Amino acid sequence: MLGMSTLTSAQVELQQQQPPPSTEPAVELPKERLTVDDMLQKYCGEFGPWQLKNFVLVNLSWTLEALHIMVVIFADHEPQWRCVEGVACDRAGKSVCELKPGSWEWVEGRRSSTVAQWGLICGDKYKVGLAQAMFFLGSMMGSAIFGYLSNSALGRKRTLALVSSFNATFGLLTAASPYYWTYVLLRFLTGISSGGNSVSTFVLATEPIGPTKRGVAGMSSFYFFAGGIAILSGMAYTFRPWRELYIASSIPSLVFLVAVLPFVSESPRWYLVRGKLDEAMKVMKSIAKCNGKHLPEGVILLLDQEAFNKDDKGSGLKREEKGSFVVLIRSPITRIRLLLAMSISFVGAIAYYGLSLNVVNLKTNLYLSVLLNAVAETPAYTITAALLGRLGRKGIGVGTFWLSGGFCLIGSLLRSHGKWKVARMVCGIMGIFGMAGNYNFLFLYLEELFPTAVRNTAMGCATLAIQMGAVLAPFVVVLGGGLAFGVFAVCGLVGGSLVFFLPETVNKPLYDTMAGMELGQRTSPGGA
């Protein structure tokens, strides 16, 4: 018994010296770590039912954007006038400025437009253009402000919700403007919110789409804008008084905010670069489930810079988050791309908006003219989308710019009367056709040129340049005749030449971080 007791004590002592068995479950290492693009291609699907629903719902905001931008075509137009019965009046007069006050009146009354409401004719005619210029100046500010906010902690979806609420609020307040300068101020504020809408909408709609499907899908976004212009034409025909038109064009933004936006998902790329891996994975699992795919449990997301360098601890990402614009201009790659993108956007906006305003000068039915203008842009979207895979981003960019510039150059050499008048009109239509196709592809190209961490900031800067061009476009149109066509021709030819200096991005990865893009550039020098 004593021996057994001694042996037992020795065994107990030996057991005490050994470490106790671990009660914690073994940590299973992830089987596979993939970038967003790789996960979409391998497991989730590049463009399935989930992406289609998200794409359509988000892009409805483009339709509403068209209402807020183009409403001035009808609200600020100069209505028809007539002589007052029993008062001496020259009915053959070309302008009311040549008539005595009180000898004429507006056919549809003062409520028909802002021009009739506040007498924006003769010496005050410049105020019509001033109100439009203030809108685009506001858009310049909004592009920069909301471009930064959507890259920061606010995110793409919440930024879109914010600008939609602002658009609706300012639009409804505009309808109640008691004075002209109140109207100008509210249009300026609407411009600020509208500038943020275009930046957030395009990125939120296309970021969850796979690389091989992103091109055609992105270029399809502008069908929604053209559709908005067509809807506005019918809306303006129904609601003739300008105040009623502003109300009718603002209410849909409230509907979008309440009934559509709750069904839209935040971008998984934004979640990822903000360090919210769990939220990003929830979105990716939702995409796979909706698309009828299976995403294995062991597969998780990683940033593209981690794909190139497994030892990267993410310090570069943190620096980008603190100052995305500083990082954007600090890198030689993105600095050159940003300067080129802004220059291209600037000259393209002058040509596009300028040629669009020239269409209004056809002196035809206003409602029909705007409708036909929207319909005429549709073939440009279809053709550029169909040729995108064959010609690439650079081919489409150069081709659409030079097509527009070439026809504008011909138009500048033609006379403005007789049979040449029709020929110049055809040149103008072809110029619009080329620029519509260019606008259709421009946002897609800009999105692919910059990584997720600074993408919205870069697109905000490019949109800022677009608004600068839009502000100058009406002044070019005032030049009239061949001179205006000459300016549009120069813009088209210069824009196409600048595209040559940008890299081709077709079927290239959509980078998440600056480090990932720079590593990818070194790995594939000829790529994006």
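The lining of the largest cavity in this predicted model draws at least two residues from each of α3 (49–70), α6 (126–151), α8 (180–206), α10 (222–238), α17 (332–360), α19 (419–449) and α20 (452–479). Among these contributors, α3 gives the largest share, namely four residues. The space within the largest cavity comes to about 230 Å³, and 20 residues line it, of which Trp 62, Ile 69, Phe 225, Tyr 353 and Tyr 439 are the closest to its centre. Sorted by class, the lining holds 13 nonpolar residues, six polar ones and one charged residue. The count of cavities of 30 Å³ or more in the model is four.

Helix α3 also packs against two of the other helices that contribute to this lining, α8 and α10, and the table sets these two pairs beside the pair of α9 and α18.

| Helix pair | Angle | Axis separation | Crossing |
|---|---|---|---|
| α3 and α8 | roughly 155° | within 9 Å | left-handed |
| α3 and α10 | about 45° | 7 Å | right-handed |
| α9 and α18 | about 135° | 9 Å | right-handed |

For α3 and α8, the axes cross at roughly 155°. Since angles over 145 degrees count as roughly antiparallel, α3 is therefore roughly antiparallel to α8. On the α3 side the contact is made by Asn 54, Phe 55, Val 58, Asn 59, Ser 61, Trp 62, Glu 65, His 68 and Ile 69, and these meet residues of α8 that include Arg 187, Thr 190, Ser 194, Asn 197, Phe 202 and Leu 204. By class, this contact of α3 with α8 comprises seven nonpolar, 10 polar and two charged residues.

For α3 and α10, whose axes lie 7 Å apart at an angle of about 45°, the arrangement is oblique. The α3 residues in this contact include Phe 55, Val 56, Leu 60, Trp 62, Glu 65, Ala 66 and Ile 69, while α10 takes part through Phe 222, Phe 224, Phe 225, Gly 228, Ile 229, Ile 231, Leu 232 and Met 235. The contact of α3 with α10 is made up of 15 nonpolar, three polar and one charged residues.

Trp 62 and Ile 69 thus link several parts of this description: both are in the contact of α3 with α8, both are in the contact of α3 with α10, and both are among the residues closest to the centre of the largest cavity. Phe 225, a participant in the contact on the α10 side, is likewise listed among the residues closest to that centre.

The third pair joins helix α9 (residues 211–219) to helix α18 (residues 366–413), with an angle of about 135° between them, and the two helices are therefore oblique to each other. Their contact brings Gly 215, Val 216 and Met 219 of α9 against Thr 384, Ala 385, Leu 388 and Arg 393 of α18. In class terms, four of the residues in this contact are nonpolar, two are polar and one is charged.

A further residue to consider is Lys 42, which belongs to helix α2 (residues 36–44). When its neighbours within four places in sequence are left aside, Lys 42 is in contact with Glu 32 and Leu 34. Lys 42 and His 294 are 252 residues apart in sequence, yet their C-alpha atoms are 9.9 Å apart in space.

Notes. Residues numbered from 1 in each chain as written. Predicted model: local features only at pLDDT ≥ 70, side-chain atom pairs only at ≥ 80, totals over all residues. Heavy atoms only, no water. Axes fitted to C-alpha atoms, helices over the stretch in contact; angles between N-to-C directions. Parallel < 35°, antiparallel > 145°, perpendicular 65-115°, else oblique. Left-handed = near helix turned anticlockwise from the far one by under 90°. Contact = heavy atoms within 4.5 Å. Nonpolar A, V, L, I, M, F, W, Y, C, P; charged D, E, K, R; others polar. 1 Å grid on protein atoms, 1.4 Å probe; cavity = no way out; pocket = protein on both sides within 12 Å on 5 of 7 lines; lining within 4 Å. Points joined across faces, edges and corners; volume = space filled by probe spheres on them.
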